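Here are my notes after a read through the two chains. Have a look at the model first, then see whether you agree with the points below.

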Amino acid sequence: MKFSDFVATDAIRSDVEAGTKPAVIREMAEALVEAGRLPAGELEGIVKAIMKREDLGSTGIGRGVAVPHTKHPSVDRLVGTVAVSRKGIDFESLDGEPVHLFFLLVSPPDRPGDHLRALENISRQLRDDTFCRRLKASTTPADIEHLLEEADSHGVVT
Amino acid sequence: MTAQETISREVVVGIEQGLHARPADLLAREARKWQSRIELVADRQRADGKSILDLLTLAAEAGTRLVVEATGPDAREAVEAIGRLFDRNFSEPNSHV
């Protein structure tokens with residue numbers, strides 16, 4: 001699976017204002033609503049579901065990356081977005097590092113395989129130091145969009 | 001017993017949702033308790049058992065067979081402990097997470 005299969009480019013944020021875990025999750029979910037990818041009426045329910053998932057164990061997966069996510073019946077296909085925090089946000093990650101890179105995913109309840117393959121793609125790209133560094137250094141949503149396109153097509157060039 | 005003993009055992013992903021973020025997190029947390037180098041080996045790739053990021057690249061769906069491989073002074077205990085996580089299905093037989 002590629003980034004372009006699930007990332008809503010209009011909802012990409014290169015400099016989130018949020019300074020806390022609940023706030024960044026809300027900011028990203030709102031971006032998906034604004035981009036028309038999540039129904040506005042479901043925003044509260046989706047944010048709550050993502051936070052509930054975080055209560056089970058942080059989705060901060062290390063290397064300054066977090067993948068907050070939930071299943072929700074309001075989507076019929078996997079939808080996600082990307083955000084970068086300049087200052088970093090405490091996400092209770094396994095390695096204790098503040099999180100700068102966020103991938104938020106909302107998937108239909110009956111498609112666990114798609115969710116797994118999106119996680120695979122995200123984690124495979126993030127193992128690449130160059131990708132991580134360039135994503136962190138992105139200053140506009142367009143930068144991030146181009147980087148994702150590059151990763152989709154042939155991997156990231158140093 | 002030598003300090004570099006390698007122990008392995010096969011496990012099967014029983015979780016309906018596959019080895020997603022939460023079980024990967026639990027696995028990495030368990031693996032980090034041990035000194036040994038721990039790897040999860042799939043058909044075509046190996047993942048560092050102590051890295052969630054690495055484990056997620058396996059995209060191991062329900063039914064996938066993996067080999068837990070540990071090398072080091074506590075390899076046997078480490079493989080047993082990780083094997084138990086799989087045997088117990090990461091305590092989430094019908095995950096809706």
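What radius of gyration would a compact globule of 158 residues have, and what does chain A have?

1. Overall size of chain A. With 158 residues, a compact globule should come out near 15 Å, and chain A has 14 Å, which agrees. (The radius is taken over C-alpha atoms, and the globule rule is 2.2 Å times the number of residues to the power 0.38.) Along the principal axes, the C-alpha trace of chain A spans about 40 × 30 × 25 Å.

2. What we're looking at. This is a predicted model, so to speak of local features I need pLDDT of at least 70, and side-chain atom pairs count only at pLDDT 80 or more, while totals for chains, interfaces and linings use all residues. Residues are numbered from 1 along each chain as its sequence is written, with chains lettered from A and ligands numbered from 1 in the order in which they are written.

3. Make-up of chain A. Chain A has five helices and five strands (DSSP runs numbered from the N terminus: H or I of at least four residues for helices, E of at least two for strands). The order from the N terminus is α-α-β-β-β-β-β-α-α-α.

4. Packing in chain A. Of the 158 residues in chain A, 46% are buried, that is, 20 or more other C-beta atoms lie within 10 Å of the residue's own, against 12 or fewer for exposed and anything in between for partly exposed, with C-beta atoms placed from the backbone. Take contacts (C-beta atoms, placed from the backbone, within 7 Å) between residues of chain A at least 6 apart in sequence: 69% of them join residues at least 24 apart.

5. Helix α3 of chain B. Its 13 residues, 75–87, should span 18 Å at 1.5 Å a residue, and the end C-alpha atoms are indeed 18 Å apart (the expected span is 1.5 Å times one less than the number of residues). B:A75, B:A78, B:V79, B:I82 and B:F86 are buried in α3(B). They sit on the same side of α3(B) because their arc around the axis is only 95 degrees, judged by directions from the helix axis to the C-beta atoms.

6. Around that helix. The cover over the buried residues of α3(B) includes β1 (6–12), α1 (21–31), β2 (37–41) and β4 (65–71) of chain B. Exposed B:R84 and B:D87 are on the face turned away from the buried side. Just after α3(B), B:N89 has a positive phi of about 60 degrees.

Note on methods
Contact = placed C-beta atoms within 7 Å.
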